[in-house]
Structure formats: structure tokens, C-alpha cells
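Colleague: Got a minute to go through this model with me? I'd like to hear the reasoning behind the labels.

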Amino acid sequence: MRTLEWDYQKNLLKMIDQRQLPGELCIVSYSDYRQVTTAIKEMVVRGAPAIGAAAAFGLALAAQQSSAKNVETLQKELTKAAEKIQAARPTAVNLTWALHRILSNIANYRGDVQGMRKAVLVEAQKIADEDVMINKRMAEYGAALINDGDTIIHHCNTGALATVDWGTALGVIRTAFEQGKRLHVLVDETRPRLQGARLTAWELKQYGIPYEIISDNAAGHFLSRGMVQKVFFGGDRMAANGDVANKIGTYMLALAAHRNKVPVYSVVPTSTIDLSLAHGGLIPIEERPQDEVLNLQVEGKSVFPKGAKARNPAFDVTPHQFLTAIVTERGIVYPPFRKNLKQVCNIKT
Ligand code: MRU
């Protein structure tokens, strides 16, 4: 199944519980938008495009739950529900983008309450289906950047699980592999939640793509020894100048790649580009609970002194100077990013 999908028989949102992978493939169902909000917060579903689609279906649930008697009241209730869903995770702009797209779509709706409920679900389904198409398009463009025999460092999880299906950066790698290119992926384990070690490795195993997991702090070693040809990652929010917020650790990886003249690519749909922010310093960075850092155990025992405190920023910002190019569904964007990103975002599709 897709990472998340609407069950049209039962009118429920179903999704893969990513917290259980790779041990168990567990499907959870939600009938209440507040459950979806919690699922986003607790990372049952994660990855920028996937949480955008989850938010959209969350609004479809809110519309279904509502007992509003007229469309004005329903619209007000949906705006309130959207505010709650949006607060679940602040960095990935796809969340805001998807909610805004649905609310603007129904802003001038002329019809009855039942019709508006249907309109919300139709738009949410469109967002989900478009995501898959967009990812496949990005994958085609991006695969051209990969050569036969490349070793690639990949950060976090940007595969099918981070999206509705196929993936962003990992989708590019998957397409290049399906084109017959021999590849090797060094998978950053991605502390503290280990999206690389748990999810990316699980996906690569299923696709038959050769990989090895490395601890995040090993990337510099491989880059400096000429053992890596490319670095690929996704993005949770890209500012107008190309600075990109992505999973914590991306900045150090890009910095080391830049220092060693290894090309760095960020793969983002245009829905991840936030032209309203001039630079990456303006992107809100989510701080998650310190337990995610402190839960680390070795041989069944906590590795930290009792009472240790931790900091847990979930994302960092990679300056655009470290990016060789940005892969979007509308083509590959090269510097100068401010000018070229604006152009690509304004193309009428
Ligand atoms: O905290 P997560 O797991 O939601 O973070 C996900 C990432 O940082 C991905 O790299 C990002 O969403 C881009 S790929 C779809």
C-alpha cells in the first residue's frame, strides 16, 4: 500500500505506522482529525510530503466529523482544525501548503454541506495522487545526475515512506538503479530517530539496491578519501535563496562534501519551496523532546549519566552555497538559485 491512503469503504485514513519499522509492518486507521494531528506529532507518519498529504486527509476527516448545518460554519470549523493540524510540526512547509490549498479551494464554494465535505476529500486525494506523479518526475530528472558505478551518501529517509509513494532523493536513486546503473548507497543512520538505519535501509533492501549503514559522523571520512561521488538528500523547507532545512546532520554532511568537492543535490517538490522566506535563517526549526536523544541504550543500558539533559533540534539549515543543484518536478535548478527558483515556482502547470 501507499504510505497513507483513504479507505473509501470505511471512510477512514489508513497509514503505515513508521515507528514500528523495520520490525513490523503495522497499519493504523484514523477516523478523527485530532488522531491524525497526534500521529504527525509522534511521527507515525513523517517526511515532508507525507505529512502534507496526511494533513489534507486530516481535514477531510474534520469535515466528515462536523455536524455543521451550513457551509459557512463548516468552513470556520475547518479553518480551526487546520490551525491545530498545522501546529503539529513547524518546519516542513508542505503541511501548511496542503492545508492552505484545501482551504482556498473551498473558500468560494457554492453548494451544500455534504458537497463541501466531498470537495475537501477530492482535493486531499488530488494532493496525494499528484505527490506520486511529482516524485516520479523528479526521479527521472535526478537520475540523469547519477553515473554508473556511483557511491552515494544519503541522509535521513526520503523514500516512499517519506512521501505518498516513490520518494524524493531516494526515489531518484531508485530510478537510476532501475535504469540499470550500478550503485552503492552509504546510509547515514540519522541520529536520534534513525530514519536512515531503520527506514532507508528497509526500503533499499526491498529494492535490491546495495547499501551499507554508516554512523553520521563517518560521512566526512568517506568523503575525504574520495570514496563518494555524490550526496543526495531531500528538504523540509527551502527558502527563496536555496538555503534548505532538512533533517539534523544535513548541514555537516553538505559542509564536508563541499570541502571535498563532492556534488550535493537536494531533491524537493516545488511545494517545499517557500518563496516568502528570503533565507534559511528565517525557517522555524522544530525542537523535539530530549528523550529522543537520551533513550539511547547500549547492551540494554542507558549510556548517559542519570539526570543528563539533551538538546534535540530536528532540522538544520544547509546554506545554498553548498548545493550543486536542486532537483524539482519542473527540472533541475542551478545557481543563481534566487532567480532560478523563482522562475521554476512561477511556471504555470
Ligand atoms: O523528521 P522527519 O523524519 O519527518 O524528517 C524528514 C526529513 O528530514 C526528510 O529528509 C525530508 O522530509 C525530505 S524527504 C521527503
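Colleague: How do the residues of the shell around the ligand divide into nonpolar, polar and charged?

Modeller: Six are nonpolar, eight polar and four charged. Keep in mind that this is a predicted model. Among the 18 residues around the ligand, Arg46, Ala48, Arg89, Asp236 and Lys247 come nearest.

Colleague: How do you know that Lys247 makes a polar contact with the ligand?

Modeller: An N or O atom in the Lys247 side chain is 2.7 Å from an oxygen atom of the ligand. The cut-off for a pair of N or O atoms is 3.5 Å, so that pair counts as a polar contact.

Colleague: And what makes Gly47 and Ala48 polar contacts of the ligand?

Modeller: Backbone atoms, in both cases. For Gly47, a backbone N or O atom lies 2.9 Å from a ligand oxygen. For Ala48, a polar backbone atom is 2.8 Å from an oxygen atom of the ligand. Both distances are within 3.5 Å, so both pairs qualify. As for cover, the ligand exposes 410 Å² when taken alone, and the protein buries 100% of that.

Colleague: What kind of space does the ligand take up, a cavity or a pocket?

Modeller: A cavity, and the largest one. The term means that a 1.4 Å probe fits there but cannot get out.

Colleague: Why do you say the ligand lies between domain 1 and domain 2?

Modeller: Because domain 1 (4-133) and domain 2 (136-344) both give residues to the shell around the ligand. By element, α2 (48-65) and β9 (244-247) each supply at least two shell residues.

Colleague: What makes the Leu21 to Pro22 peptide bond cis?

Modeller: Its omega is near 5 degrees. Pro22 is in the loop between β2 (12-16) and β3 (27-30). The bond from Pro335 to Pro336 is cis too, with omega near 0 degrees, and Pro336 is in the loop between β16 (331-333) and α11 (337-345).

Colleague: Why point out the phi of Cys156?

Modeller: Most residues other than glycine have a negative phi. Cys156 is not a glycine, yet its phi is positive, about 65 degrees. Cys156 is found in the loop between β4 (151-154) and α6 (169-178).

How values were computed: Residues numbered from 1 in each chain as written. Predicted model: local features only at pLDDT ≥ 70, side-chain atom pairs only at ≥ 80, totals over all residues. Heavy atoms only, no water. Near = heavy atom within 4 Å. Polar contact = N/O pair within 3.5 Å; in protein donor to acceptor, adjacent residues only side chain to side chain. Areas by Shrake-Rupley, 256 points an atom, 1.4 Å probe, with all protein chains shown as cover. 1 Å grid on protein atoms, 1.4 Å probe; cavity = no way out; pocket = protein on both sides within 12 Å on 5 of 7 lines; lining within 4 Å. Sits in = over half its atoms within 2 Å of the grid points. Helix = DSSP H or I, 4+ residues; strand = E, 2+ residues; numbered from the N terminus. Nonpolar A, V, L, I, M, F, W, Y, C, P; charged D, E, K, R; others polar. Domains from an automatic or database assignment.
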